[in-house]
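Biologist: Let us look at the aromatic rings and one helix. I will ask how each label is earned.

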Amino acid sequence: MGSLRLEELSAKTIVAANGLTLRPGQEQFVTPVSYSAADAYVNPTTTWARVVLDGDDVVGFIRGNFDAENPKPEFRSCIWRINVDATAQGRGIGKFAVHELAEEARQRGFHTVTVIWETGDDGPGEFFRRIGFVETGETEYGEKIGSLTI
């Protein structure tokens, strides 16, 4: 692994982000990056979208939302989406991206980051628990809500 860094999602990086692959079975837990990218700019004052680069290669994507006024606590400081390319999974890239988002949240005055995930054998729940998220509830759709104190 080279030098990991984040970069704002841009015209230069969106094609590479949209080309990130998943491991078999993960597709059902992730919406296409293109949907997240388009949605990311609906409210640019609360959305935070970044690609993860390893050297010059885009190896991941993370999108957060920071909205202290949101009526639902799980949407105030949260991870909307995270995707690490199948060939780069298991190398700490997702953990790096989450920690960078948590640092951004801390700088904005938040003390918690939340994430919502769907359960399943190939779902992201184990990843989030491994890096410190604790299940704190469920959505009205039965998805898990996890919380990380920062």
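Biologist: Why is Trp80 called partly exposed?

Modeller: Buried means under 20% relative accessible area, exposed over 50%, partly exposed in between (1.4 Å probe, protein chains only). Trp80 has a relative accessible area of 40%, so Trp80 is partly exposed. This is a predicted model: local features need pLDDT of at least 70, side-chain atom pairs count only at pLDDT 80 or more, and totals for chains, interfaces and linings use all residues. Residues are numbered from 1 along each chain as its sequence is written, and side-chain values use heavy atoms, without hydrogens and water.

Biologist: How many aromatic pairs does a search of the whole structure find?

Modeller: The search finds 6. Rings of Phe, Tyr and Trp (its six-membered ring) pair if their centres lie within 6.5 Å; planes under 30 degrees apart count as stacked, over 60 as edge-to-face and the rest as tilted.

Biologist: What makes the pair of Trp48 and Phe66 edge-to-face?

Modeller: The centres are 6.3 Å apart and the planes meet at 70°. That angle is over 60, so the label is edge-to-face. The pair links distant parts of the chain, with Trp48 in strand E2 (residues 47-54) and Phe66 in strand E3 (residues 57-66). Strands are DSSP runs of E, at least two residues, numbered from the N terminus.

Biologist: Is Trp48 buried or exposed?

Modeller: Buried, because its relative accessibility is 4%. Phe66 is buried, with a relative accessible area of 4%.

Biologist: What makes Phe75 and Trp80 stacked?

Modeller: Their planes are 15° apart, under 30, so the pair is stacked. The centres lie 5.1 Å apart.

Technical notes:
Helix = DSSP H or I, 4+ residues; strand = E, 2+ residues; numbered from the N terminus.
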